[in-house]
Amino acid sequence: MKGAMTLSRVLAAVFGGYLFTYAFTAALARLLPMAPGDAMIVATLASFLIYALAILWAFACKSLWRMWGGLALALPLALVGFWPQLMRGPA
Amino acid sequence: MKPQTLTQSMSWLHTWSGLVFGWLLFAIFLTGTLAVFDKEIDTWMRPEVPAHQVSQVEAAQRALAYLEAHHAGASAWNIGLPTERSPGLSVSAGEQRRGGGVQLDPRSGERLDVRETAGGGFFFRFHFTLDLPRDIGIWVVGLAAMVMLVLLISGIIIHKKIFKEFFTFRPAKGQRSWLDAHNAAGVLVLPFHLMIAYTGLVIFYLIYMPAAVDAMFDGNREAAFGRGGHGGGEQHQRQGGRGDQVAVASAELTDLAPVLAEATRVLGPISGLSIQNPGRANARIEARPVLGNRIELTKGMSMQFDGVTGRVLRMPNEGRPAQLTQKVMAGLHFAQFGGYPMRWLYFICGLVSSGMIATGLVLFTVKRRRRPDAEGATAAWLYRVAEPVNVAVVAGLTLACVGMFWANRLLPVDLAQRGGWEVRVFFAIWALSLGHACLRPTLAAWREQLGLAALLCLALPLASFLTLEEPWAEPGRCLLELTALACGLLLVWTIRKVRPRGEEAATGRPSRKLAEVN
């Protein structure tokens with residue numbers, strides 16, 4: 001049981017953390033007031049620090065609920081990042 | 001993992017990801033440290049290339065004479081010029097830009113028979129691909145770099161009183177000393193660790209995190225960098241190369257001396273030239289700078305001249321500020337700037353980092369020798385495995401690296417695919433070291449493998465002396481062997497620290513029993 005809890009935390013940190021970072025980077029690139037090419041670079045450069053912090057968050061959280069709550073912020077971030085694609089609908 | 005305080009959970013994370021990725025990280029850091037001097041290792045591993053005082057212009061003219069005599073009809077010529085870091089002159093014909101070329105004697109322009117070798121390039125490639133298929137390797141190493149960042153930040157959280165601990169070194173106290181050494185090495189070059197892990201990720205940043213490209217440019221990287229970006233230049237070149245060979249009138253190639261002088265004025269020292277359509281009216285000369293005339297990584301930067309008139313056709317691209325930021329970060333990782341003082345600084349910092357990882361790995365097992373089953377059956381099994389794997393990764397890899405230098409001197413010079421055999425020797429030594437570590441008691445395995453590595457380092461000049469006629473004609477080769485001597489002494493000092501004494505003697509005995517169980 002303890003092993004399963006640990007495993008779920010590791011998976012949440014690695015994959016949940018990556019998804020969160022992916023969404024965060026997309027949203028940040030869209031929101032930065034710069035030329036798209038520059039915003040892309042700046043947001044991507046920031047992403048590695050965000051991923052590291054997301055992993056630490058997944059292990060620092062007292063409860064699994066809080067951990068998933070934090071990582072679930074990826075959804076609204078992804079909405080911001082991919083808004084134009086979503087509006088266009090499936091091609 | 002039980003719910004705990006922040007320090008405890010960070011400590012757990014630090015310990016376990018440190019063990020699982022520490023082995024990988026040590027291999028990446030040690031080979032990366034060697035890769036700082038990749039060109040110098042290349043020079044040492046190609047002892048047939050003579051020392052000389054030939055200028056780049058003279059060398060280029062000799063290369064041209066050779067190419068005109070042997071590859072008059074080729075669509076393109078490539079010349080690798082001698083530089084501060086490597087005395088070799090190489091030429092090739094056709095579209096290939098590097099590798100597979102012919103080495104020339106810069107003094108006479110005649111073909112040299114240089115032994116085939118994996119060279120310093122092997123350590124460089126291993127550093128970022130682990131000798132796996134390139135894409136897989138890049139992802140594995142990227143994951144390790146990410147874990148390194150996490151390890152560093154969690155380490156800072158664990159050791160809040162970082163500077164107080166830094167000044168409390170307790171030597172010759174067994175486990176305590178390993179911990180103190182680990183912390184001291186960690187703190188001493190903390191900025192270097194953070195910089196090197198982060199900038200390592202920045203090099204392939206869009207491969208690891210394509211989110212922004214996906215969101216802003218539908219995943220199209222060429223569009224992201226505009227027309228002047230990565231893809232555009234190459235396409236342009238290929239068109240130039242395909243230009244009908246028959247239709248274009250022949251024309252004399254311009255004098256290379258003013259072209260080289262102008263290219264050097266704009267780009268700094270030049271590493272090579274490629275000439276498209278040599279001998280024709282549409283000839284183009286492209287000059288590439290030596291990496292590291294500035295901190296910004298100048299990979300792929302070049303300047304183009306008209307091959308007949310010598311006029312400048314294209315100046316090097318100046319990047320936008322954001323792009324420059326990325327290139328400066330990548331450049332910080334590559335350590336091509338600042339010349340030899342900077343290279344030595346990176347080498348020493350790299351050694352300290354490797355030492356920090358090694359002490360961390362050792363600490364993990366030293367700590368658990370007394371009560372290996374305190375954290376459950378799986379954990380106990382891991383501790384038993386960890387001891388021999390530690391020896392094989394830390395001492396065995398060191399041994400394999402020195403062994404490769406020896407293989408370069410001892411393998412028959414005309415062996416087919418000699419470079420591949422050097423790599424095979426490297427991996428064979430590494431595999432043998434794991435077998436040896438499993439069979440011998442842990443402490444003995446440490447001492448024997450480190451001892452052999454030290455011996456091979458100290459005796460490296462002998463390998464050159466016995467197999468070469470003029471082993472130290474080129475001063476760079478002599479310097480490399482002096483560095484090997486210093487590393488050998490460092491290893492001897494390390495062996496003196498790895499012995500049962502005081503507290504360690506008490507914990508050493510159970511560990512030997514553990515090893516026998518294996």
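A polar contact is taken here as a pair of N or O atoms within 3.5 Å, one able to donate a hydrogen and the other to accept it. In the predicted model, the side chain of B:R115 meets this criterion with the backbone oxygen of B:N408, at 2.6 Å. A further polar contact, at 3.1 Å, joins the side chain of B:R115 to the side chain of B:E48. B:R115 itself is located in the loop between β3 (102–104) and α4 of chain B. With a relative accessible area of 4%, B:R115 falls in the buried class, because that class comprises residues under 20%. When neighbours within four places in sequence are set aside, the residues in contact with B:R115 are B:M45, B:R46, B:P47, B:E48, B:N408, B:R409, B:V413, B:R418 and B:L468. Both of its polar partners described above, B:E48 and B:N408, therefore appear in this set of contacts.

Two loop residues of chain B were examined for their backbone conformation. B:L130 has a phi near 55°, a positive value in a residue that is not glycine. This leucine is placed in the loop between α4 (119–129) and α5 (134–158) of chain B, and its relative accessibility of 12% makes it buried. B:N277, likewise not a glycine, shows a positive phi of about 50°. The loop that holds B:N277 connects β4 (270–276) and β5 (284–289) of chain B. At a relative accessible area of 2%, B:N277 is also buried.

Chain A contains five helices and zero strands, so that, with helices and strands assigned as DSSP runs, its elements read α-α-α-α-α from the N terminus on. The C-alpha trace of chain A extends over about 50 × 30 × 20 Å along its principal axes. Of the 91 residues in chain A, 44% are buried. Contacts in chain A between residues at least 6 apart in sequence are made up to 73% of pairs at least 24 apart. The accessible surface of this chain amounts to about 4,900 Å², with 81% belonging to carbon and sulfur atoms.

The size of an interface is often expressed as the accessible area lost when the parts come together. Between chain A and chain B the buried area is about 3,200 Å², and carbon and sulfur atoms provide 76% of it. On the side of chain A, the residues that lose the most area to chain B are A:M40, A:L45 and A:F48, which together account for 22% of what that side buries. The contact involves 33 residues from chain A and 38 residues from chain B.

Polar and charged interactions accompany this contact. Eight residue pairs are in polar contact between chain A and chain B, both members at pLDDT 80 or more. One salt bridge is found across the interface. The salt bridge links B:R320 with A:D38, whose closest N and O atoms lie 2.9 Å apart. On chain A, α1 (2–31), α2 (36–60) and α5 (83–88) each supply at least two residues of the side that touches chain B. The greatest contribution to that side comes from α2(A), with 17 residues. By residue class, the side of chain A that touches chain B comprises 19 nonpolar, eight polar and six charged residues.

Terms used:
Residues numbered from 1 in each chain as written. Chains lettered and ligands numbered in written order. Predicted model: local features only at pLDDT ≥ 70, side-chain atom pairs only at ≥ 80, totals over all residues. Heavy atoms only, no water. Contact = heavy atoms within 4.5 Å. Buried area = accessible area lost by both parts, 1.4 Å probe. Salt bridge = Lys/Arg side-chain N within 4 Å of Asp/Glu carboxyl O. Helix = DSSP H or I, 4+ residues; strand = E, 2+ residues; numbered from the N terminus. Nonpolar A, V, L, I, M, F, W, Y, C, P; charged D, E, K, R; others polar. Buried < 20%, exposed > 50% of the residue type's maximum accessible area, 1.4 Å probe, protein only. Areas by Shrake-Rupley, 256 points an atom, 1.4 Å probe, with all protein chains shown as cover.
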